[in-house]
Amino acid sequence: MRILLAHTSLSGNTRDVARAIHARCEALGHVVTWIDADIQNLAQACPDGAEHDLYILGSWSINAGRTPPEMKRFIAELVEAVGKPERVAVFGTGETQWGEEYYCGAARRIAAFFGTTFPRLEIEQMPHGERDALKIQRWTDTILACNESIPHADLPRLHA
């Protein structure tokens, strides 16, 4: 499966989660296009086109749980290039000390924008130890399994 994994990270926490997701996807045999939205745009990362089987987007949150401008820019580029993809999984990092209503607010907003049915992954600050590593691995396995169980619109359907 072809996966586009894009993230933005201020302190490196979200990037650490993205690296773990990337490693898991590749270990399971998937081809992953890695995009650091802080320094790359979609055209640079995908010169041959942005069509993928699954889009995984990750972000930290700014000011009262909002989405950083770099991720907003990336999402605008993605929607302009391919429309609103149906298969979008979202993860985020955040700090509950700023209030539960703001915790991972960007991930929640991005998921709502795309209307995704995939579960969200939310990590407090940075991934810590085995517990978070297992949480990231299980989430990645879940979204990959969910994606594979959804019929692809471009594939012919077999009738029983």
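## Two buried cysteines without partners

Buried means under 20% relative accessible area, so C104, at 1% relative accessibility, counts as buried. C46 is also on the buried side of that cut-off, with a relative accessibility of 8%. Keep in mind as you look around that this is a predicted model.

How many disulfides does the structure hold? The count is zero. For C46, the closest cysteine sulfur belongs to C25 and lies 15 Å away, which is too far for a bond. C104 is likewise in no disulfide, and the nearest cysteine sulfur, again that of C25, is 19 Å away.

## How far to trust the model

Confidence first: the protein has an average pLDDT of 88, and 93% of the residues score at least 70. Residues 153–160 are a stretch to treat with care, since pLDDT stays under 50 there. For these residues the model has two contacts beyond four places in sequence. Where pLDDT is low, the predicted coordinates should not be read in detail.

## The start of the chain

R2 belongs to strand β1, which covers residues 2–7. With a relative accessible area of 39%, R2 is partly exposed. Although R2 and D53 are 51 residues apart along the chain, their C-alpha atoms are separated by 5.3 Å.

Beyond its neighbours within four places in sequence, R2 is in contact with V31, G49, E51, H52, D53 and L54. With H52 there is also a polar contact between side chains, at 3.3 Å.

## Nonpolar cores

The largest nonpolar core has 21 residues. Which of them touch the most other members? They are L4, I35, L42, L57, F74, I110 and F114. Strands β1, β3 (54–59) and β4 (88–94) each give two or more residues to this core, as do helices α3 (69–82) and α4 (105–114).

L42 is a good residue to inspect here: leaving aside neighbours within four places in sequence, L42 is in contact with L4, I35, A50, F74, E77, L78 and A81. There is also a second, separate core of 18 residues, with L5, I21, C25 and L54 among them. C25 is thus a core member as well as the cysteine whose sulfur is closest to that of C46.

## Salt bridges

Side chains of opposite charge can pair when their charged atoms come close. The structure has eight salt bridges, and three of them are described here.

D16 and R19 form one, with N and O 3.4 Å apart. The two are three residues apart in helix α1 (residues 13–27), so about one helical turn separates them. D16 is partly exposed at 35% relative accessibility, and R19 is partly exposed at 48%.

Helix α1 also takes part in a pairing with a distant part of the chain: R24 in α1 and D141 in helix α5 (residues 129–149) are 117 residues apart. Their side chains meet in a salt bridge of 2.8 Å, N to O. Both ends are partly exposed, D141 with a relative accessible area of 26% and R24 at 23% relative accessibility.

The third joins R108 and E122, whose closest N and O atoms are 3.1 Å apart. Because R108 lies in helix α4 and E122 in strand β5 (residues 121–124), the pair ties together parts that are 14 residues apart in sequence. Is E122 buried or exposed? E122 is buried, with a relative accessible area of 14%, whereas R108 is partly exposed at 26% relative accessibility. R108 and E122 are also linked with E100 and R120 in a network of salt bridges.

Notes: Residues numbered from 1 in each chain as written. Predicted model: local features only at pLDDT ≥ 70, side-chain atom pairs only at ≥ 80, totals over all residues. Heavy atoms only, no water. pLDDT = per-residue confidence, 0-100. Contact = heavy atoms within 4.5 Å. Disulfide = S-S within 2.5 Å. Buried < 20%, exposed > 50% of the residue type's maximum accessible area, 1.4 Å probe, protein only. Helix = DSSP H or I, 4+ residues; strand = E, 2+ residues; numbered from the N terminus. Polar contact = N/O pair within 3.5 Å; in protein donor to acceptor, adjacent residues only side chain to side chain. Core = buried A, V, L, I, M, F, W, Y, C linked by side-chain atoms within 4.5 Å. Salt bridge = Lys/Arg side-chain N within 4 Å of Asp/Glu carboxyl O.
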